[in-house]
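New to this one? Take a moment to look it over, then come along for a short tour.

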Amino acid sequence: MRSEHPTLLRVCGVGRRYAGVTALAEIDVEVRGGEVLAIVGENGAGKSTLLKILSGVVQPSEGRLEVADAKGALHAVELDGARDATRAGIALVHQELNLAENLDVAGSIFLGREPSRFGWLDRTRMRDEARQWLTRVGLSIDPSTLCGTLPIAQRQLVEIAKALSTQSRVVILDEPTSSLTARETDRLLEIMDELRRDGVAVVFVSHHLDEVLRIADSVVVLRDGRKTGELKRGAFDRALLEQLMVGRSLATAERRERRESAQVRLAVDGVVGAHRRRRAVSLQVRAGEIVGLAGLVGAGRTELLEAIAGVTRHEGRVQLDGAELVGDAFARVRRGVSVVPEDRARHGLFLEDPVAMNLSLAWIDRNSRSRLVDTRGETGLVGRLVARMQLRPAQPSRRVQTLSGGNQQKAVIGRWLAVDPSVLLLDEPTRGVDVGARAEIHAEVRRLADTGSAVLFASSELEEVLLLADRILVMHEGAIVGELLAHEATELAIMHLATGGRAVEGTHA
Amino acid sequence: MKRALGIIGIFVVILIYSAFFAENFLSGINLMQLTTRTALYSILALGATLVIVTGGIDLSIGSVVCLSGIMTPWLLIEKEWTPWQAIPTVLAIAAFIGLCHGLLITRLKLQPFLVTLCGLLLYRGIARWMTGDQSQGFAGEFDDVRAIALAKFTIPGLTDYRLPATVIPMVVLATVIGLFLSRTVWGRWLLATGRNESAARYSGVPTARLITLSYVACSLLAGFGGMLFIFDIGSAQPSDFGNFYELYAIAAAVLGGCSLRGGEASIVGVLFGVATLRVLQNTITLAGFSSQIEFAVVGAVLLIGVAADELIRRFAARRLERVGAAASH
C-alpha cells in the first residue's frame, strides 16, 4: 500500500567535499510521501551533511536533487538556502531549535511571512491560523505564549507546526529526540505517525535505534560518508543496523601492554554533573591505566569530565589517591588534575598569544620563586616541549592561531605534560587532528600513563577508544551503561550499548 | 615595548610642535606643572590598565577620585581627624569600592560597564551629599601632608626646573605593575584571563579572584590618585572634581597599546599615552587655541591612534598569513 505513495524528493549520486575532504559521496536516497525515513550512522558518518543538502543549507559538490511538482513529476532543482527549500515544500527542524525566544508562538510560526492588513500585522488572523497548526501537532497552548517560556519538547512541536504551515510536504528532523524525555519522545513519534498518515514525508536522524525500529518505514545507513545500506521495514533489525553502522574492520595497530597497578588514583563516586539528565556516575581509574569513555554525542561524557576537573560544580565525590578533591579547577589543577577540553579554541588556547605562553601557563605556577616567573627555566621548558611534542613549525614565538589543528592540540596537551599531572582528562583528544599528529598524541598519552598517571578520555570515535583505552566505559543518557576491556571489546558491542541496547554477554554493566 | 613605539612617536611629534609653537611651553614652571599632572593622571591610567587587561572597564575612576579627594580634606578639616586616621580610611574605602565592583562582576556576573557606570553616579552623589555640595579644602593647614604631592627636588645644574615629588609614586607604581604583569605568575595569569577567560579557567587560573583583584587595584589607585590631586590643588568642588578622569585614563591606556578586548598591555605605552594627552591639553591652552576645543582634539587624536593601530595590526596579520602560507607549501 505504501509503495503507492509518490516520491517527493530524490537525491541522485550526491556528494559533498569540504576543502578536499570528502564528507559525503555517491548517495542515492528517495523520500516518499506517507513514509518515515530514518538516517543512521556513527558520529561523523555524514548524516548532518546529508540533511543539510536535503534542506538546501549546503549545496552538493556533485549529483543532483529532484523535487516533485504538484502533479508528482520530478524536476532537478538547485536549492540555494533554506528559503528555496521552503518554496519547494521542504522544511528542516534543527537540532538546536532556533525559535526566537522573545517572540510568541504565533509570531514565530509566521516569522517572515506575517499576514497583514493595510501594512499592520493581522494578529487575530495570525493567532487563529497558528492555533490550527498547533492542533495539528497536538499542542493545545495559547498562540500568544512566549517561545522562550516553553519546554524544549513543545518548542520542537512549534517548529514542526511552523514547517507544516509553510505547506511543506517533506519535514526533516535532525535528532529530534536528543533533548526529550521518554514520554515526550513517545508523543513525538505519535505525531510523526500522524504526519505520515496525512501523506507527509518525514525524514529524521537519530542515535537511538529503538526509535528507528519503532517508527521508520525505511532506513538509510551511512558510514564514512557513504551509504552502506538502505532497508525497508521488515528487512532490518538492531543487529543488522549496528553492523552496517560500524562495519569497518578494526584497526590492527598495536595495543599497549596493560601496566596499571592496583592503586586507584582517580575515584569518582556518585558524581552528578551539569548533564541535563542528571544521573550519578561512579568510576575508578588506577595508576597507569587509560580508560576510554565511549558514547554518542550528548551522552554526558563532556559534563562528567568537566565535573571531575572542577570546571563545573557537581554533586558527589571525586577522590585523588584517596583524598577528596574539592573546589574549582584552580584548586584541582594544583592537586594534579588536568583537563584537555573538547573545544580547544574556546576553552583550551590563547589564540593570539605565542606558543610559548600557551605551553608554560601551568608550569610557571609550580616553578616560581615567591611568585616570580623563572623566565630562564621557562625558555628551557618551552624548547623541550616543542621538541617533545614535535610542534611544527618549531617556533615558540609564533601565535598559536597560525598553527594547524593538530599542532594546536599538541600545544594544549603539552601545557599539561609540563606539570606531570596525576590525572589527565581528555575530551576528544584528536578531534580535527590529522593522522600523524594523532599518533603522536596517542604516544604521549601512553607515555604519561606509563609513568603512573591515570588517564580518562572521551572520544566519539570508536576506533580511537579501542586503540587507546585499556578499559572502556560506555555512556548513554548521562549514565555509564557498560564496561568493556579493550582486548575483548568490539565496535559492535560499544555501539550496541551506546545506542541504548541492553548489556549482553561479555559486558558487565 | 614594540607596542609602545607608535605612541612614543606621536608623543615626540606633539612635543616638538609644542616646543616651537606653544608660548612658554618650555618654561620651568610649565614643565613642572606638566610633570606633576602627567604623574597624577598616570596613577589613574595604570589602574585602568589593570582592569582593561582583563577585558573589563572601570567608568567610576573619576568619581572615586572625587570621593577620596573630597573626603580627605573633609575628614581632616571638618571632622578634625588626624592624617594617620584619615588617609588609611580613605584608601580603605576606595579599595572596598573596588572589591564591590569585582564581586558584582565575578559572582553576580554583571557587566563591568554597568557596574562601574552605576558607581560613577553613586560615588559622586555620595561625595556631594556628604559635603552638602560645598567646596572642600585644607584652609592653609596640613602643608606637611600636602608636601607628598607638592614637594619638588632640585636637580643639580637646572635652575628653573625642579622635579615634582609625584614622579616618585608614578615611577614606583609603573615599575611594580610592569613587573607584576610580565614577571609574576599572577600577572601572567591576569593577561591570560583577559585573552580567553574560559581557557584560563580550564587551565587552572583563578580567574574570578584575579579579576576582582584588578578592580580593587584600580579603585585603590583612583583613591590614592584622588588624594594626591587634592593635595596638589588644595581645594575642589564635589560637583566637578574628577569629572571625565576615567575617560582620560582609559584613553591613555588605549593610546598606549592596551586592547579593550583584554590580554594586552604596555606600561611604557600607557605612560606615554598619559603624557601625550597632558601635553596636548597644555599646548591647546598655551598656543592660544580656544580651550573649548580640547575635548575635540583629544577625541581626534585618540581616534587616529586607535585606527592606525588597527590598520598596522591588520597589515602585520596579512603579512604573517602570507609568510605562513609560503612556509606550508
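When this tour speaks of helices and strands, it means DSSP runs, with at least four residues for a helix and at least two for a strand, numbered from the N terminus. With that in hand, A:Pro393 can be placed: it sits in the loop of chain A between α14 and α15 (405–417). The peptide bond leading into A:Pro393 from A:Arg392 is cis, with omega near -5°. Keep in mind that this is a predicted model.

Now step back to chain A as a whole. It has 18 helices and 22 strands. Its radius of gyration is 25 Å, close to the 23 Å that the globule rule gives for 509 residues, so chain A is as compact as a globular protein of that length. The C-alpha trace spans about 75 × 55 × 45 Å along its principal axes. Of the 509 residues in chain A, 54% are buried. If you count the contacts in chain A between residues at least 6 apart in sequence, 67% of them join residues at least 24 apart. The accessible surface of chain A is about 21,600 Å², and carbon and sulfur atoms hold 49% of that.

Next, a look at A:Arg344, which belongs to helix α11 (residues 344–348) of chain A. Which side chain of opposite charge is nearest to A:Arg344? That would be A:Asp343, 7.3 Å away, and A:Arg344 is buried with no salt bridge. What A:Arg344 does have is a polar contact of 3.0 Å between its side chain and that of A:Gln409. Beyond its neighbours within four places in sequence, A:Arg344 also touches other residues, including A:Leu349, A:Val412 and A:Arg431.

Then there's A:Leu381, in helix α14 (residues 375–388) of chain A. Its relative accessibility is 5%, so A:Leu381 counts as buried. Setting aside neighbours within four places in sequence, A:Leu381 is in contact with A:Ser360, A:Trp363 and A:Ala418. A:Ala356 is 25 residues from A:Leu381 along the chain, and their C-alpha atoms are 9.0 Å apart.

Finally, here are two residues that have a positive phi without being glycine.

| Residue | Phi |
|---|---|
| A:Asp224 | near 50° |
| B:Glu80 | about 55° |

A:Asp224 lies in the loop between β11 (218–223) and β12 (226–232) of chain A. B:Glu80 is in chain B, in the loop between α3 (61–78) and α4 (83–106). Is B:Glu80 buried or exposed? With a relative accessible area of 67%, B:Glu80 is exposed.

Methods. Residues are numbered from 1 along each chain as its sequence is written. Chains are lettered from A and ligands numbered from 1 in the order in which they are written. This is a predicted model: local features need pLDDT of at least 70, side-chain atom pairs count only at pLDDT 80 or more; totals for chains, interfaces and linings use all residues. Side-chain values use heavy atoms; hydrogens and water are left out. Buried means under 20% relative accessible area, exposed over 50%, partly exposed in between (1.4 Å probe, protein chains only). Lys and Arg count as positive and Asp and Glu as negative; His and the chain ends are not counted. A salt bridge is a side-chain nitrogen of Lys or Arg within 4 Å of a carboxyl oxygen of Asp or Glu. A polar contact is a pair of N or O atoms within 3.5 Å; within protein, one must be able to donate a hydrogen and the other to accept it, and residues adjacent in sequence count only if both atoms are side-chain atoms. Contact means heavy atoms within 4.5 Å. The radius of gyration is taken over C-alpha atoms; the globule rule is 2.2 Å times the number of residues to the power 0.38. Accessible areas come from the Shrake-Rupley method with a 1.4 Å probe; for residues, only the protein chains shown count as cover.
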